[in-house]
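Thanks for coming. Please have the sequence and the 3D view open while I talk.

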Amino acid sequence: MSNDGYRHSFSRILAKDFVSTFGNDSSKNYYLFIGKVDPWAGEEGVAFNQITPETATDSREYSNQVCANTLALKRLDSRNISLVVPRYDWTSGTVYTSWSPYEDHDGDAYYVLVDEKRVYKCISNSGNSQSISKPTHTSKELVVEADGYQWKFLYELTERMKEFLTDDYMPVAAASKRLEDETLNQYLVQLQAVDGEIPLVSVSASNDFTWTKTQNTESEFNRTNITSVTLKTVRLNSRTASQVDDYYNGYYLFISDGRGPEIGVCKRIVDYDGTTQTVTLESPLGVPLYNRQGSLPASEYKIQPGIIAHGEGEGFLGLLNTNSAGKASSVYVVDRGSGYRTARLEITTPNDGGSTAPLLVALFGPNGGHGFDATDELNATSVLIRANSDINSVTGNWPAFNDFRQFGIILNPTLVTDSLTADTVIAGDEYDRIIEFEIQKPYDFPYYTYDTSSGTYTPGRYVVGVESNAIGQIYDWRRSTDGTHSILTLKNVKGEFKTSNKNRNEYRFILGTGGSGNFTPGEIIQQYVGTSPNGSTSEGVVLSFETKPTYNELTFIGTTGSFSGSTGSVIGTSGGASYDPIALEVRGGEFIKQFEEFGNTGEYRFVSIANTQNYGRLLGRGDAQIALQNRPTYRTTTKLRVYGSGTYDESYYAEDLGITQEDSSSLVEVTSKIFTHNYIGVSGSNHIVDLYVTDVKGSFVAGNTMELPSVTPEVLSVDGPEVNLIDGSVLYIQNVRPVERSREQEEEFKILLGF
């Protein structure tokens, strides 16, 4: 029975939550296991491709048998799992689906993978036409290709992500590291995403309203240069403009081209004097306009009908493009606005004729904006678990002999302890967890040193977050590979340090002291970067402003354009403050303080350097990792050291041989199968061998003999499995045809799970 209430968002959350539990700071420890050396029923003498593995059942008894057959475990972590979505390779001549907030796109090809490298979302398919222009850009803006398609760049597959690329599925992830080169473009796209923007508007073909007063011409403003940014009147081109009063009332004046700052400015016309051919605007232009001067271009303008949006958002402004007959053909979006969940669009300019208005549909973006979270936008409801068997494991426990017929995943097995009173420890929790943090040196701190014993941050000491009070012990301290920041590795972190907010474009301006005025939180700031006609104005919103003895510090959210830390005064639009920049950096998170134990008194003290304790600011953090180069492995076979009479013969201990041991006092019989063995040497006229056995039923006893077809060795010692598998939960079982192992061989395991 279908469940109409079950939504894709529920599946996405389940998939994301499952992926998060593979992190090393999670309480869940997942392990890949291999097992079962004995053949399937009917396997002997059958061609390999005719072997039929038995069907796994979801019963307690079957799970117990799987645990008994298991040979080894290898821990899985965040590097072994990825969200994945169906793969659609870009192919010329294909009609792709335009993404729409009004559609359920399950099964639709509304995104593409290009050259097994970059992923794009289709915002417009140019009227259901074929895509013939391959997207290649990494711009954070929408790009219109030559075929009319509009593609939004989402992300580029990293080398690690490519490990999860299959013929049918491709990996998807959000970028969390600001300074990682492979994800930098995606990170910038995420930062620039605007929640609830309306980048596109569709226009119905069935309409006959007309607007006949549009213009598209080079300006002739009858002035050499209109320099006043407060000007609300503009004189139009005398050769083309109407001489009828109020002719353009309700239309919009849009500066479509020019020398730089004026391009894109759009203002509503509230009055028109036909005699002087002058429009009066609803608000000042805010920029100068230019006539043509030698090789310098003129400011060009258009006069078009305007469109606004009604809804919970704000700021949208569009212009109606019309054809030669004056009918609506498309919409040019001047300002996408923000915050829209629904929107009703209104053409504010009166039409000149017709009875049927065009239907305008606002194609607003997803929550967070286009590119904000690729995992949500591509509807990631599946995960791929991928792992390789070990050739050289950390503990040498991954077997290089015999074969196996089962693999799967087990959760939270526990370590075997020698004491009945010892605390239960989940396998993997015995290792320290380490996390790499990106550290930024404050502007006024002199320098960092990276000596291993006496660097600015010293392994063995501790750090605490000034705001979060999170604590961690220093494990390692080094300069980043590219030299732009530092890496502080902490172990056994308690609490959550406050790092940069990856979802906001937050910066920190270091400003000179020669300026004037004060910036206030919430105020709009502007910076004009470059020179006319190639410069541009960037805008941001003030978060804080602090005056210091030798410089001033301004934090803000960048909203438009790219700021500079070396050119262009920073100006407050309401308070009039103005300062020249010295440097521009990421705002970052909280300060951290370093402290150490003071002598052997159990007291601690903060470490001051250069007369300050706040000499590190957190930027970002990586995933938690176990403090080992490789993932830990565990032996799940039983190791028996045996003492056999006579000369050693390897056939005595052949793989898969069944063995028994009977306790004469209790008449309890123990059975198992030989997985592999290791010849140790001789002692007098006897040989010593280490047997590794599986599928043990009962408990072997040292001092008793065992029964094998050709020898009856005495058990000298019993070393059981390193983990208690029964304490864990068998989550996944895959039965396969026999896989032969060797020292040089490495198998790849892939498990696809859907939610």
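I will go through the cores, a surface patch, one loop residue, the cysteines and the salt bridges.

One caution before that: what you see is a predicted model.

Let me begin with the inside. In soluble globular proteins, nonpolar side chains tend to be buried together. Here the largest nonpolar core has 42 residues. If you want to find it on your screen, look for the residues with the most contacts inside it, which are Leu76, Val119, Tyr155, Met170, Val172, Leu378 and Ile385. Strand E23, residues 403-411, gives this core its largest share, four residues.

Pick Tyr155 and look around it. Which residues does Tyr155 touch, once its neighbours within four places in sequence are set aside? Among them are Lys117, Arg118 and Val119, then Met161, Met170, Pro171 and Val172. Gln186, Ala374 and Leu378 are also in contact with Tyr155. Val119, Met170, Val172 and Leu378 are names you have just heard, from the residues with the most contacts inside the core.

There is also a second, separate core, of 34 residues. Val234, Leu253, Ile269 and Ala343 are included in that second core.

Now the outside. Phe10, Leu14 and Phe755 make a nonpolar surface patch of about 240 Å². Phe755 sits in the segment after strand E48, which spans 748-754. Is Phe755 buried or exposed, or partly exposed? Its relative accessibility is 31%, so Phe755 counts as partly exposed.

Next, a loop residue. Ala298 is found in the loop between strand E16 (289-290) and strand E17 (300-310). Ala298 counts as buried because its relative accessibility is 2%. In sequence, Ala298 and Asp257 are 41 residues apart, and their C-alpha atoms are 7.8 Å apart in space.

On to the cysteines. How many disulfides does a search of the whole structure find? Zero. Two cysteines are still worth a look. Cys122 is buried, because its relative accessibility is 0%. Cys266 has a relative accessible area of 12%, so Cys266 is buried too.

The last topic is salt bridges. The count comes to 37. I will show three of them.

In one of them, the side chains of Lys36 and Asp38 meet at 3.1 Å, N to O. Lys36 has a relative accessible area of 8% and is therefore buried. Asp38 is at 18%, under the 20% cut-off, so Asp38 counts as buried.

Another salt bridge joins Glu156 and Lys117, at 3.9 Å, N to O. Why does this pair tie together separate parts of the sequence? Glu156 lies in strand E7 (residues 150-156) and Lys117 in the loop between strand E4 (111-114) and strand E5 (118-124), so the parts that are tied together are 39 residues apart in sequence. Glu156 is buried, with a relative accessible area of 18%, whereas Lys117, at 33%, is partly exposed. You met Lys117 earlier, as a contact of Tyr155.

My third pair is Asp695 and Lys673, whose side chains meet in a salt bridge at 2.4 Å, N to O. This pair links distant parts of the chain, with Asp695 in strand E44 (residues 686-697) and Lys673 in strand E43 (residues 668-683), 22 residues apart. Asp695 and Lys673 are both buried.

Some salt bridges share partners. Arg12, Lys16, Asp373 and Asp376 are joined in this way into one network.

That is the end of my tour.

Terms used:
Residues are numbered from 1 along each chain as its sequence is written. This is a predicted model: local features need pLDDT of at least 70, side-chain atom pairs count only at pLDDT 80 or more; totals for chains, interfaces and linings use all residues. Side-chain values use heavy atoms; hydrogens and water are left out. A disulfide is a pair of cysteine sulfur atoms within 2.5 Å. Buried means under 20% relative accessible area, exposed over 50%, partly exposed in between (1.4 Å probe, protein chains only). A nonpolar core is a set of buried Ala, Val, Leu, Ile, Met, Phe, Trp, Tyr and Cys residues joined through side-chain atoms within 4.5 Å. Helices (H or I, at least four residues) and strands (E, at least two) are DSSP runs, numbered from the N terminus. Contact means heavy atoms within 4.5 Å. Patches are made of residues with over 30% relative accessible area and no salt bridge: like charges are joined within 9 Å, nonpolar side chains (Val, Leu, Ile, Met, Phe, Trp, Tyr) within 5 Å. Accessible areas come from the Shrake-Rupley method with a 1.4 Å probe; for residues, only the protein chains shown count as cover. A salt bridge is a side-chain nitrogen of Lys or Arg within 4 Å of a carboxyl oxygen of Asp or Glu.
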